[in-house]
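Below are some notes on the strand pairing and the salt bridges, set out as numbered points. Please read them with the structure open.

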Amino acid sequence: MSILVVGSMAYDTIETPHGKAESAIGGSVSYFALAARFFSPVSIVAAIGTDFRDEDVRIFAERAIDIRGVTRRDGPTFRWHGRYHEDMNIRDTVSVALNVFADFSPDLLPDQRRSDYVFLANIAPELQAHVLAQVASPKVVAADTMNLWINNERPALVALLPRIGILTLNDEEARMLSGEHNLVKAGRALLRMGPRTVLIKRGEYGVLQFSQDGMFAVPAYPLEEVVDPTGAGDTFAGAFMGFIARRGGLSESALRTAVVYGSVMASFAVERFSIDGLARLAWEDIDARYRAFIELTDSHHSRWTSQ
Ligand code: AMP
């Protein structure tokens, strides 16, 4: 089942304690698509500028990602500059230049309007609603958001929540949107605002999933070295939605496996700058780390319980 994703394609400048990348491919859609494509076909809706290199477009096209909805417009590509602290859970946005993204208001292609699975990446909630209104009868709609929209566009965001099935956001955003400091209370409060499932991303501490059936928690896959955390959340969402679309439903068991695949894929994304950790991956790498992840978190493993 194909997934429609709308959001940013970007050139990022990223500074972390491990070094710097300049004008590197970024944007929520880039990470999402490069993760989701291992599980399901992906169709992108985004805008790029005249400076977006053809070889960078090919990275997506060569991986069977549908880029018909990527429109090249006059002007520079969206640019974001982020700087991470020694504690890489903390980052500062040094600058943002919306450029061609400023008046982005996409019209979906006819086949995209029939999508069953939709991911509204981190863009203005009104724009998320504009895209969603064009999709005839989606089966699963997930959306991401950020502090900017929670602060500046709260009514539009709150109006969108009952129309989506899954909300993804980080811990700080969950607290801001719900008004609850405790994350369990925040998760439950967010469920009452509309979505059937809420996924709170907690960086190196992992993910908390809230649904009517209760809570599910997974750690982040422990790595010796995190090089660049940018895009971890979008990568998580890509693998999560990819698995849900492949499985074809939202059973609690599908949701839980999807959360594990999301965490596994995010661990690859943060091992290198920009999209490099994802672009070079093969399914065998994902499968091996998925097994390692299960073993890491399985307290009933036969090797121990037989003793
Ligand atoms: P994440 O690390 O998951 O928050 O995602 C980082 C990516 O989001 C970077 O590649 C940025 O290019 C992109 N990004 C940052 N700010 C925005 C924004 N206001 N709108 C859309 N995309 C953004």
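1. In this predicted model, strands S2 and S3 run antiparallel to each other and share 6 bridges. The connection between S2 and S3 is a hairpin of 2 residues. One position to check in this pairing is Tyr11, whose bridge partner in S3 is Ile25.

2. On S6, strand S2 has a parallel pairing: residues 10–16 of S2 and residues 78–84 of S6 are joined over 6 bridges. Here Glu15 lies opposite Arg83 of S6.

3. Both pairings belong to an open sheet of 4 strands, ordered S3-S2-S6-S7, with mixed pairing. The edge positions are taken by S3 (19–26) and S7 (91–97); each has a single partner strand, so one side of each has no neighbour in the sheet. On average, neighbouring strands of this sheet are turned by 15 degrees against each other, with direction ignored.

4. Turning to side chains, the whole structure contains 11 salt bridges. One of them joins Asp51 and Arg79, with an N to O distance of 3.1 Å. These two residues are 28 residues apart and connect distant parts of the chain: Asp51 sits in the loop between strand S4 (42–48) and helix H2 (54–61), while Arg79 belongs to strand S6.

5. Are the two ends of this salt bridge buried or exposed? Neither label applies, because buried means under 20% relative accessible area and exposed means over 50%. Asp51 has a relative accessible area of 28% and is therefore partly exposed. Arg79, at 29%, also counts as partly exposed.

6. A network of salt bridges links Asp66, Arg68 and Asp111. Within it, Arg68 forms a salt bridge with Asp66, the closest N and O atoms lying 2.7 Å apart. Arg68 also forms a salt bridge with Asp111, again with 2.7 Å between the closest N and O atoms. The Arg68 and Asp111 pair bridges distant parts of the chain, 43 residues apart: Arg68 is in strand S5 (residues 66–72), and Asp111 is in the loop between S7 and strand S8 (117–120).

7. On accessibility in this network, Arg68 has a relative accessible area of 48%, so the residue is classed as partly exposed. Asp111 is at 33% relative accessibility and is likewise partly exposed.

Methods: Residues numbered from 1 in each chain as written. Predicted model: local features only at pLDDT ≥ 70, side-chain atom pairs only at ≥ 80, totals over all residues. Heavy atoms only, no water. Pairing = 2+ DSSP bridges. Axes fitted to C-alpha atoms, helices over the stretch in contact; angles between N-to-C directions. Salt bridge = Lys/Arg side-chain N within 4 Å of Asp/Glu carboxyl O. Buried < 20%, exposed > 50% of the residue type's maximum accessible area, 1.4 Å probe, protein only.
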